[in-house]
Amino acid sequence: MSVWVVPSVLTSVASVIFAAIVLWKRKDGAQFFPLFLLMAVMVWIHGLNGMQGVFPEHLVFFKKLILLGELMLPVMIGYVGYSLLRNFSANPMAFGSGWWKMIAGGAALCSLLVMGIPDGFMQVNLEGDIVFRRPEGLTIWGFIALASCIGLFQLERMLRSFPDPLRYRLKYLLIGLGGL
């Protein structure tokens, strides 16, 4: 069993608790459903990270599923930003719905690439780590990094459009979620 199982499981449990709180608060507004979806993706990623440490014989399969979750993470960040802008912003021109839809399209294409290559582009080396044999894996990681930067840019733009008390409350919430 890997040493990273315990932090992954603890993060997954914390994400489940936060998702339950968000689901309970959902009756207060429609903006909580995208936040619930974001927390569900966090549970997916960290739960599978913990499972891959417990079942190392299925490392490549778990890594593919984790990669799908990591491709969905920037999409969910963009969707949360878009829904918060739509519900709270005084500036109707600041929606920026095109960004997260383009990221969702790119994530769908990368997901097809992850699951569609029959022999896979990942392999386990002698030390037990995942290695990308082909440039497709590096392309997927490049997309994840670029999409995450765009999602964080949209969140910063969203926070700048809010009035002061709400801006700081959301900033602390997002910093806490980023810590997960």
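In which helix is I45 found? I would like to begin there, and the answer is helix α2, which covers residues 32-54. Before I go further, please keep in mind that what we have on the screen is a predicted model.

Staying with I45 for a moment, this residue is buried, because its relative accessible area is 6%, and buried here means under 20%. Once we leave out residues up to four places away in sequence, I45 touches I66, G69, E70 and L73. Of these partners, L73 is worth pointing at on the structure, since I45 and L73 are 28 residues apart in sequence and yet 9.0 Å apart in space, taken from C-alpha to C-alpha.

Let me now step back to the whole chain. The protein chain has six helices and two strands, and if you read along the sequence, the order of these elements is α-α-α-α-β-β-α-α. There are 180 residues, of which 40% count as buried. Among the contacts with a separation of 6 or more, 67% are accounted for by residues 24 or more positions apart. As for the outside, the protein chain exposes about 10200 Å², and carbon and sulfur atoms supply 71% of that area.

I turn next to helix α1, which runs over residues 5-25 and in which I17 lies. I17 counts as partly exposed because its relative accessibility is 47%, and together with V9, V13, F18 and I21 this residue makes a nonpolar surface patch of about 410 Å². S8 also lies in helix α1, but S8 counts as buried, given a relative accessibility of 10%. If we leave aside its neighbours within four places in sequence, S8 is in contact with H46, N49 and G50.

Helix α3, residues 59-88, is the place of another serine, S83. How accessible is S83, buried or exposed? S83 counts as buried, because its relative accessibility is 0%. The side chain of S83 reaches the backbone oxygen of V80 at a distance of 3.0 Å, and, not counting residues up to four places away in sequence, S83 touches Q31 and P34.

A few words on the aromatic side chains. How many aromatic pairs does a search of the whole structure find? The search finds two. In the pair formed by F61 and F62, the ring centres are 6.0 Å apart and the planes stand at 50°, so this pair is described as tilted. The two residues can also be set side by side by their accessibility: F61 counts as partly exposed because its value is 49%, whereas F62, at 7%, counts as buried.

My last stop is A107, which lies in helix α4, residues 97-116. A107 is buried, as its relative accessible area is 0%. When residues up to four places away in sequence are not counted, A107 touches L71, V75 and F143. A107 and A147, finally, are 40 residues apart in sequence, while their C-alpha atoms are 8.8 Å apart in space.

To draw the positions together, I45 in helix α2, S83 in helix α3 and A107 in helix α4 have each been placed, and the nonpolar patch that includes I17 has been described as well.

Conventions. Residues are numbered from 1 along each chain as its sequence is written. This is a predicted model: local features need pLDDT of at least 70, side-chain atom pairs count only at pLDDT 80 or more; totals for chains, interfaces and linings use all residues. Side-chain values use heavy atoms; hydrogens and water are left out. Patches are made of residues with over 30% relative accessible area and no salt bridge: like charges are joined within 9 Å, nonpolar side chains (Val, Leu, Ile, Met, Phe, Trp, Tyr) within 5 Å. Accessible areas come from the Shrake-Rupley method with a 1.4 Å probe; for residues, only the protein chains shown count as cover. A salt bridge is a side-chain nitrogen of Lys or Arg within 4 Å of a carboxyl oxygen of Asp or Glu. Helices (H or I, at least four residues) and strands (E, at least two) are DSSP runs, numbered from the N terminus. Buried means under 20% relative accessible area, exposed over 50%, partly exposed in between (1.4 Å probe, protein chains only). Rings of Phe, Tyr and Trp (its six-membered ring) pair if their centres lie within 6.5 Å; planes under 30 degrees apart count as stacked, over 60 as edge-to-face and the rest as tilted. A polar contact is a pair of N or O atoms within 3.5 Å; within protein, one must be able to donate a hydrogen and the other to accept it, and residues adjacent in sequence count only if both atoms are side-chain atoms. Contact means heavy atoms within 4.5 Å.
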